[in-house]
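User: Please take a close look at a single part of this structure and describe it in one connected account for a first-year student.

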Amino acid sequence: KVRPIPNIPRELFTPIMSKNVPATTELAIVQKASFLLTYRDDDFYRGWHFPGSFMSPGDTFEKSCKSVALSETGLRLKRCALISVAEYSRDKRFPCVSLFFMCSAVGTPKRGKWFQEMPKDTIPSHKHLWRIALAAVSSGKK
């Protein structure tokens with residue numbers, strides 16, 4: 001009788017998800033050697049991070065990436081390529097698997113800010129993703 005993700009009531013989301021290992025899609029949206037980050041300030045994290053969200057049942061990687069980009073930044077993606085898979089076994093809420101994609105988009109973001117250098121208040125798990133994204137851009141994988 002529980003509604004499907006993303007409509008699980010907030011008070012049930014963490015207890016339910018702690019019994020699973022969900023997958024997330026996280027996006028390194030790149031433009032002119034800058035990455036688009038969004039700011040998060042909630043019960044679990046405070047700081048800049050790459051846009052991302054949990055995959056919903058029935059999502060493809062492409063559908064999930066497009067949904068994340070549109071809902072978190074207002075951008076429509078042109079291209080996305082998987083560049084890394086990471087495990088967050090010690091996440092503050094519950095363990096999860098991160099699928100990290102390098103993306104390009106069209107338009108001007110409605111939310112977020114472009115960074116050429118990693119902000120000091122980047123959330124801890126995304127500091128590692130920054131280094132991965134930077135290496136991918138440097139090697140021409142954008």
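Analyst: Helices (H or I, at least four residues) and strands (E, at least two) are DSSP runs, numbered from the N terminus. The expected span of a helix is 1.5 Å times one less than its number of residues. The model is predicted, so local features need pLDDT of at least 70 and side-chain atom pairs count only at pLDDT 80 or more, whereas totals for chains, interfaces and linings use all residues. Residues are numbered from 1 along each chain as its sequence is written, and side-chain values use heavy atoms, with hydrogens and water left out.

The part chosen here is helix 3, which covers residues 124–138. Helix 3 has 15 residues, and from its first C-alpha to its last it reaches 22 Å, close to the 21 Å expected at 1.5 Å a residue. After helix 3 comes Gly140, with a positive phi near 85°.

Buried means under 20% relative accessible area, exposed over 50%, and partly exposed in between (1.4 Å probe, protein chains only). In helix 3, the buried residues are His126, Leu129, Trp130, Ile132, Ala133, Ala136 and Val137. These buried residues pack against strand 1 (23–31), strand 2 (34–41), strand 3 (46–49), strand 5, strand 6 and strand 7 (113–115), where contact means heavy atoms within 4.5 Å.

Two of these strands are also joined by a disulfide (a pair of cysteine sulfur atoms within 2.5 Å). Its partners are Cys80 and Cys103, with sulfur atoms 2.3 Å apart. Cys80 lies in strand 5 (residues 76–88) and Cys103 in strand 6 (residues 96–106), 23 residues apart. Cys80 is partly exposed at 33% relative accessible area, whereas Cys103 is buried at 2%.
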